[in-house]
Amino acid sequence: MTIQPARLSDPAVRAFVTAVNAHDRDAFLALLNPDATMSDDGADRDLGDWIDREIFSCNGHMAVDKETRDGRGLVVNYRNDTWGEMRTRWSFQVHDDGRIARFETGQP
């Protein structure tokens, strides 16, 4: 059974999933530190290019199955128009101001 985004424990992670699922790039970017970074399957990626290619230009959607690390880790069935659906893990580093400094995703 999936966890509805509104029920996710961490406010920054909740807002991240909500922005992805709403296809709201501006809200998504507002959640990130200006120098935020990310990785996909263990390799650092250009954040702007990656989010456009993997989320916003191809209707990315996160269906959360499980939370870990007090809500800063997720197991997700992620779907987009390019790759279809896949099981993924996500982890987040959130600064004290509530903005995301880094997120990592990849296959479990």
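I looked up Glu54 first and found a polar contact of 3.0 Å between its side chain and that of Trp83. A polar contact here is a pair of N or O atoms within 3.5 Å; within protein, one must be able to donate a hydrogen and the other to accept it, and residues adjacent in sequence count only if both atoms are side-chain atoms.

I note that this is a predicted model, where local features need pLDDT of at least 70, side-chain atom pairs count only at pLDDT 80 or more, and totals for chains, interfaces and linings use all residues. Residues are numbered from 1 along each chain as its sequence is written, and side-chain values use heavy atoms, with hydrogens and water left out.

Is Glu54 buried or exposed? I have Glu54 as buried because its relative accessibility is 10%; buried means under 20% relative accessible area, exposed over 50%, partly exposed in between (1.4 Å probe, protein chains only).

I then listed the contacts of Glu54 (heavy atoms within 4.5 Å). Leaving aside neighbours within four places in sequence, Glu54 touches Gly60, Tyr78, Asn80 and Trp83.

Next I turned to the aromatic rings. I found 11 aromatic pairs in the structure; rings of Phe, Tyr and Trp (its six-membered ring) pair if their centres lie within 6.5 Å, with planes under 30 degrees apart stacked, over 60 edge-to-face and the rest tilted. Phe16 and Phe92 pair edge-to-face, at 4.8 Å centre to centre and 75° between the planes. Both Phe16 and Phe92 are buried. I also found one aromatic cluster formed by Phe16, Phe28, Trp50, Phe56, Tyr78, Trp90, Phe92 and Phe103.
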